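Here are some friendly notes to read alongside the structure. Take the points in order, and keep the 3D view open as you go.

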Protein chains: 2
Amino acid sequence: MATVIRTARERARDELTLEIKKEARRQLAEEGAQRLSLRAVARELGMASSALYRYFPSRDELLTALIIDAYNALGERAEQAVAAGPPDDARARWHALCDSVRAWARQHPHEYALLYGTPVPGYAAPAETVAPAARVALALISVLRSGAGQVQLTAPVRPLRGALAEQAAALVSAVAPEVSAGLLTRGLVAWTQLFGMISFELFGHLVGSVDPADEFFAHTVEEMADFLGLP
Amino acid sequence: MATVIRTARERARDELTLEIKKEARRQLAEEGAQRLSLRAVARELGMASSALYRYFPSRDELLTALIIDAYNALGERAEQAVAAGPPDDARARWHALCDSVRAWARQHPHEYALLYGTPVPGYAAPAETVAPAARVALALISVLRSGAGQVQLTAPVRPLRGALAEQAAALVSAVAPEVSAGLLTRGLVAWTQLFGMISFELFGHLVGSVDPADEFFAHTVEEMADFLGLP
DNA sequence: CTCTGTCAAGAGCAGTGCTCTCGTTTCGGT
DNA sequence: ACCGAAACGAGAGCACTGCTCTTGACAGAG
């Protein structure tokens, strides 16, 4: 196969592409996306800045590559956390999922900000990013599915009206046939709550109220598990 | 008073300061904070870029001024929405609060991103920003206080452990003496949920699931009202 | 009227993303 | 084995950016 018998040129190209992403990721982790500079990457790699354009057509493309890698890293971590939890304990899996996402975010704050912070102006997420981006959400849904049969809601879900009913039904039939539309909607609420809380913690909005946020986070995850009716 | 009898110089200075902020806000609203350029502001005002530094010592200082203005605009809008609601209907006030925040965010997406998106690298929020930033949270707490007596929780609040118990107690005694620590903690959960949901909507994370988000937002606000036990 | 502090403007520095050109190297087909 | 085409790295250069420093003009206070 052509993918196995590669010319020296192709091997060098692939290696350099990885090297560029590695150095870019290093600068991203240290300084943030805003200060990620193509020239600085080139300088660190000992090459001319113009040479980088043979590998990434623009700075945005390089950032997109980093975004995809970050989504996959976070998604993989979340999937592993869910898979490692006891199969019959949806609540434990929910905790594992939330903890893993928060831990990753705290370990990679700039990458988290790149994914869930302010989008780059005039930047439309390319189609290649949506699948990696969906992994965390799908992990959350897999938790709901694993506990779908034994869900015990303390309060009944308010009826879904109009467009929301259709959206929820479409999602149910697409990714979670054994979950009710009401429970899936609660999953969406918990999803936005999780990332809202993590963003507030990382972006400094909890300073002065519940910072450090470890116990607030643990408590909230538990309360949201109740909200989801997880057994 | 010296603030009334102002020299022509002082008046010109104040006017130009406002003019600069106005033009900067215009560019911010159009292009986002990332692309806000001091030189472009100066160009638009017909002055040299170096002259701007007599009014704002750096780009960050100008951004800080815009941040404070934005926090105040959002805070004022939220306070008015709460105040305009029926005094004896905490649930209606909660809806008004959430709707006003979302409406402002959708009308001023770049300013919202400046407040709740990725913080600028190496930028520590100056002390002048914390009071304006707290206004929305205080408006939320005022809703909790107005309904504190008649709260009916569908599920009891999980016990607060360790540091969280202390943090919640400190907040209660500082800003909401008639609210229980458990309810206030739920308020914090709803607070992070609200901004998480709005951020996801504005930053494009709801595309493909519940976009447009109007009905999802309304539904979630109602469910969170139940979560808070609002009458 | 003089003197002092404020002001706008211009030049300049160091940095950015990106483009174009120019030799050189490498690869695939003949 | 050769030769043209494609890929490559380097360099110069463009149009920007935030920011600093100097220079000369002007307004306000004594």
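**Notes on the model**

1. Let's begin with the make-up of chain A: ten helices and zero strands. Reading from the N terminus, the order is therefore simple to write down as α-α-α-α-α-α-α-α-α-α, with helices being runs of at least four residues. Please keep in mind that this is a predicted model. Along its principal axes, the C-alpha trace of chain A spans about 60 × 50 × 35 Å.

2. Next, look at how chain A is divided. The domain assignment gives domain 1 (1–57) and domain 2 (59–228) of chain A. Their centres, taken over C-alpha atoms, are 31 Å apart. Where the two domains of chain A meet, ten residues of domain 1 are in contact with eleven residues of domain 2. On the domain 1 side, α1(A) gives the largest share, five residues. By class, that side has seven nonpolar, one polar and two charged residues.

3. Now turn to the DNA. Which residues come nearest to DNA strand C? Of the 21 residues around the strand, they are A:Ala8, A:Ser50, A:Arg59, B:Met47 and B:Ser50. Both chains take part: α1 (8–31), α2 (38–45), α3 (49–52) and α4 (59–84) of chain A each give two or more residues to the surface near DNA strand C, as do α1 (8–31) and α3 (49–52) of chain B. Sorted by class, this surface has eight nonpolar, six polar and seven charged residues.

4. One helix from that surface, α4 (59–84) of chain A, also packs against helix α7 (residues 130–146) of chain A. The axes of α4(A) and α7(A) come within 7 Å and cross at roughly 15°. Because angles under 35 degrees count as roughly parallel, α4(A) is described as roughly parallel to α7(A). The crossing of these two helices is left-handed. To find the contact on screen, try selecting residues of α4(A), including A:Ile68, A:Tyr71, A:Leu74 and A:Val82, and then residues of α7(A), among them A:Pro132, A:Val136, A:Ala139 and A:Val143. By class, the contact of α4(A) with α7(A) has ten nonpolar, three polar and two charged residues.

5. Chain B offers another helix pair to look at. Helix α7 (residues 130–146) of chain B packs with α9(B) at an angle of about 135°, and their axes are 10 Å apart. Is α7(B) parallel or oblique to α9(B)? It is oblique, because the angle lies outside the ranges for roughly parallel, antiparallel and perpendicular. The crossing of α7(B) and α9(B) is right-handed. In this contact, B:Ala137, B:Leu140, B:Ile141 and B:Leu144 of α7(B) meet B:Leu183, B:Leu184, B:Gly187 and B:Trp191 of α9(B). By class, there are seven nonpolar, one polar and no charged residues here.

6. Finally, see how the two chains meet. There are 46 residues of chain B in contact with 46 residues of chain A. On the chain B side, α8 (162–175), α9 (181–202) and α10 (214–228) each supply at least two residues. The largest share, ten residues, comes from α9(B). So α9(B) turns up twice in these notes: it packs with α7(B), and it belongs to the side of chain B that touches chain A. By class, that side has 21 nonpolar, 17 polar and eight charged residues.

Technical notes. Residues numbered from 1 in each chain as written. Chains lettered and ligands numbered in written order. Predicted model: local features only at pLDDT ≥ 70, side-chain atom pairs only at ≥ 80, totals over all residues. Near = placed C-beta within 6 Å. Nonpolar A, V, L, I, M, F, W, Y, C, P; charged D, E, K, R; others polar. Axes fitted to C-alpha atoms, helices over the stretch in contact; angles between N-to-C directions. Parallel < 35°, antiparallel > 145°, perpendicular 65-115°, else oblique. Left-handed = near helix turned anticlockwise from the far one by under 90°. Contact = placed C-beta atoms within 7 Å. Domains from an automatic or database assignment.
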